[in-house]
Amino acid sequence: MYVVAPSLLGADFTVLGKQVHAVEEAGAKYLHLDVMDGTTQKSLETTRF
């Protein structure tokens, strides 16, 4: 069995509550949260796209 867990990093943080509710309504049972320590992965605030 496979489980698809939407990532919180793909959300718009200004409306995070609404987006979490939307994925719950769509049937998601889990959410994926990446924890970045700034050592092995650069912080999103300092990463240039």
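How much area does the protein chain expose, and what share of it do carbon and sulfur atoms supply? In this predicted model, the exposed area comes to about 4700 Å², and carbon and sulfur atoms account for 57% of that. The chain has 49 residues, and just 4% of them are buried. As for secondary structure, there's one helix to look for and zero strands.

That helix, α1, covers 16-25, and V23 is a handy residue to pick out in it. V23 counts as partly exposed because its relative accessible area is 25%, which falls between the 20% limit for buried and the 50% limit for exposed. Setting aside neighbours within four places in sequence, V23 is in contact with P6, A28 and L31. A5 is worth finding too: 18 residues separate A5 from V23 along the sequence, and their C-alpha atoms lie 9.6 Å apart in space.

Next comes the segment before α1, which is where L9 sits. L9 has 34% relative accessibility, so it is also classed as partly exposed. On the surface, L9 teams up with F13, L16 and M36 to make a nonpolar patch of about 330 Å². Residues need over 30% relative accessible area to be part of a patch, a cut-off that L9 passes with its 34%.

Technical notes
Residues numbered from 1 in each chain as written. Predicted model: local features only at pLDDT ≥ 70, side-chain atom pairs only at ≥ 80, totals over all residues. Heavy atoms only, no water. Patch = residues over 30% accessible without salt bridge, like charges linked within 9 Å, V, L, I, M, F, W, Y side chains within 5 Å. Areas by Shrake-Rupley, 256 points an atom, 1.4 Å probe, with all protein chains shown as cover. Salt bridge = Lys/Arg side-chain N within 4 Å of Asp/Glu carboxyl O. Helix = DSSP H or I, 4+ residues; strand = E, 2+ residues; numbered from the N terminus. Buried < 20%, exposed > 50% of the residue type's maximum accessible area, 1.4 Å probe, protein only. Contact = heavy atoms within 4.5 Å.
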